[in-house]
Amino acid sequence: MSVQVFETKEVQDLLKAATNLNGDNGNARFQQIAHRLLSDLFKAIDDLDITPDEVWAGVNYLNKLGQDGEAALLAAGLGLEKYLDIRMDAADKQVGLDGGTPRTIEGPLYVEGAPLRDGVSRIDINPDPDAGPLVIHGTLSDLDGKPIAGAVVECWHANSKGFYSHFDPTGAQTEFNLRGAVRTGPDGRYEFRTLMPVGYGCPPHGSTQQLLNTLGRHGNRPAHVHFFVTSDNHRKLTTQFNIEGDPLIWDDFAYATREELIPHVVEKTGGEALGLKEDAYKDIEFNVTLTPLLQGQDNQIVNRLRVAVAA
Ligand code: DHB
Ligand code: FE
């Protein structure tokens with residue numbers, strides 16, 4: 001059976017009625033988006049002759065996705081979050097905004113409220129015998145190379161099992177383990193003393209992994225560290241770097257890797273003097289360049305539901 005009913009008056013009227021398009025009540029922007037998305041779905045059902053069984057499998061999947069709380073995870077895994085970055089990159093290019101540390105996806109695992117310290121923060125609170133010490137540091141500067149004082153650098157990353165505090169299914173981590181916030185001084189410098197993360201994998205029995213399995217894809221990320229960098233007179237930067245040498249760097253299920261975001265990992269000694277758990281440690285210098293506001297506005301602020309915890 002292959003029928004084409006999408007263009008009929010009956011279906012077009014149904015789409016308009018279902019979304020109350022141009023109706024007196026409701027939100028006009030939402031009506032416009034809902035009408036377009038529903039139309040695209042109806043058209044795909046027609047074009048691909050998607051069966052009722054397939055439609056109901058999809059509807060049931062959405063229920064499970066919500067029950068698992070994994071919609072934002074799936075958005076990263078399906079490249080939707082990357083697509084938003086591609087669009088923001090293109091918008092910057094269009095207005096001639098060049099330079100600055102590249103953005104990359106936030107992911108779904110940020111927690112607001114990490115304790116804010118001046119210049120340096122030790123952020124490994126819970127012991128992790130399988131993780132070696134890591135120092136992450138750098139200088140924040142503007143496009144002219146001038147250090148930015150009074151900015152806030154936040155970072156968050158996984159432990160040696162690939163789990164993030166607050167979202168750790170083993171319960172091994174307390175709130176804000178491996179999450180920190182540092183305010184830069186006049187030299188623009190920040191530093192986090194922490195432990196080496198490993199890559200993240202989607203919950204193996206969750207609905208994101210289920211969908212990826214059906215696509216024949218894995219759900220793993222290379223080891224990485226997330227950043228928010230916020231400064232009054234610059235645009236907020238959302239980015240990450242990957243840990244050099246991770247075999248998944250160019251095979252990230254969330255498509256966050258960028259050439260400029262793979263800083264060198266340097267072996268150093270002197271960790272004991274810094275209060276690290278071992279004298280030999282890994283050091284990553286990650287300097288960050290922020291971009292100016294556009295006509296006084298920060299067009300990089302993204303509002304989304306985020307976990308917030310009182311420190
Ligand atoms: C996902 C997990 C991450 O750690 C991340 O940085 C981005 C996305 C995810 O599971 O979708
Ligand atoms: Fe992550």
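**Close-up 1. What does Asp 49 count as at 27% relative accessibility?** In this predicted model, Asp 49 counts as partly exposed because its relative accessibility is 27% (buried means under 20% relative accessible area, exposed over 50%, and partly exposed in between, with a 1.4 Å probe and protein chains only). Asp 49 belongs to the loop that connects α2 (28–47) and α3 (52–68) (helices are DSSP runs of H or I with at least four residues, strands are runs of E with at least two, and both are numbered from the N terminus). Although Asp 49 is not a glycine, its phi is positive, at about 50 degrees. Residues are numbered from 1 along each chain as its sequence is written, while chains are lettered from A and ligands numbered from 1 in the order in which they are written. As the model is predicted, local features need pLDDT of at least 70, side-chain atom pairs count only at pLDDT 80 or more, and totals for chains, interfaces and linings use all residues; side-chain values use heavy atoms, with hydrogens and water left out.

**Close-up 2. The protein as a setting for the other views.** The chain folds into 6 helices and 13 strands. Along the principal axes, its C-alpha atoms fill a box of roughly 75 × 45 × 35 Å. The protein has 311 residues, of which 42% are buried.

**Close-up 3. The iron ion (ligand 2) and its donors.** Three residues coordinate the iron ion (ligand 2), namely Tyr 164 through OH, His 224 through NE2 and His 226 through NE2, at 1.9 to 2.1 Å. Along the chain, these donors follow the spacing Y-x59-H-x1-H. Tyr 164 is in the loop between β5 (152–157) and β6 (179–183), whereas His 226 is in strand β8 (residues 224–230), so the pair ties together parts that are 62 residues apart in sequence. Tyr 164 and His 226 are both buried. Donors are N, O and S atoms within 2.8 Å of the metal (3.2 Å for Na, K and Ca); water is not among the atoms, so sites may look incomplete.

**Close-up 4. The surroundings of ligand 1.** Around ligand 1 there are 13 residues, and those that come nearest are Leu 73, Tyr 164, Tyr 200, Arg 221 and His 226 (a residue is near a molecule if one of its heavy atoms lies within 4 Å of it). Oxygen atoms of ligand 1 have polar partners in the protein: a backbone N or O atom of Leu 73 lies 3.3 Å from one oxygen atom, and a side-chain N or O atom of Tyr 164 lies 3.0 Å from an oxygen atom. For His 226, a polar side-chain atom is 2.7 Å from an oxygen atom of ligand 1. On its own, ligand 1 has 290 Å² of accessible area, and the protein covers 100% of this area (from the Shrake-Rupley method with a 1.4 Å probe). Two elements, α4 (71–77) and β8, give two or more residues to the shell around ligand 1.

**Close-up 5. Leu 178 in the loop between β5 and β6.** Leu 178 is located in the loop between β5 and β6. With a positive phi of about 65 degrees, Leu 178 has this backbone angle although it is not a glycine. Leu 178 counts as buried because its relative accessible area is 2%.

**Close-up 6. Glu 191 and Arg 193.** Strand β7 (residues 189–195) contains Glu 191. The relative accessibility of Glu 191 is 14%, and therefore the residue counts as buried. Its side chain forms a polar contact of 2.7 Å with the side chain of Arg 193 (a polar contact is a pair of N or O atoms within 3.5 Å; within protein, one must be able to donate a hydrogen and the other to accept it, and residues adjacent in sequence count only if both atoms are side-chain atoms).

**Close-up 7. Ala 181 in strand β6.** Ala 181 is part of strand β6. A relative accessibility of 4% is why Ala 181 counts as buried. Ala 181 and Val 225 are 44 residues apart along the chain, and 13 Å separates their C-alpha atoms.

**Close-up 8. Gly 199 and Ile 301.** Gly 199 lies in the loop between β7 and α6 (207–215), and Ile 301 in the loop between β12 (288–289) and β13 (307–308). Gly 199 counts as partly exposed because its relative accessibility is 25%; Ile 301, at 45%, also counts as partly exposed. From C-alpha to C-alpha, Ile 301 is 7.8 Å from Arg 235, and the two are 66 residues apart in sequence. The C-alpha atoms of Gly 199 and Asp 130 are 14 Å apart, with their positions 69 residues apart in sequence.
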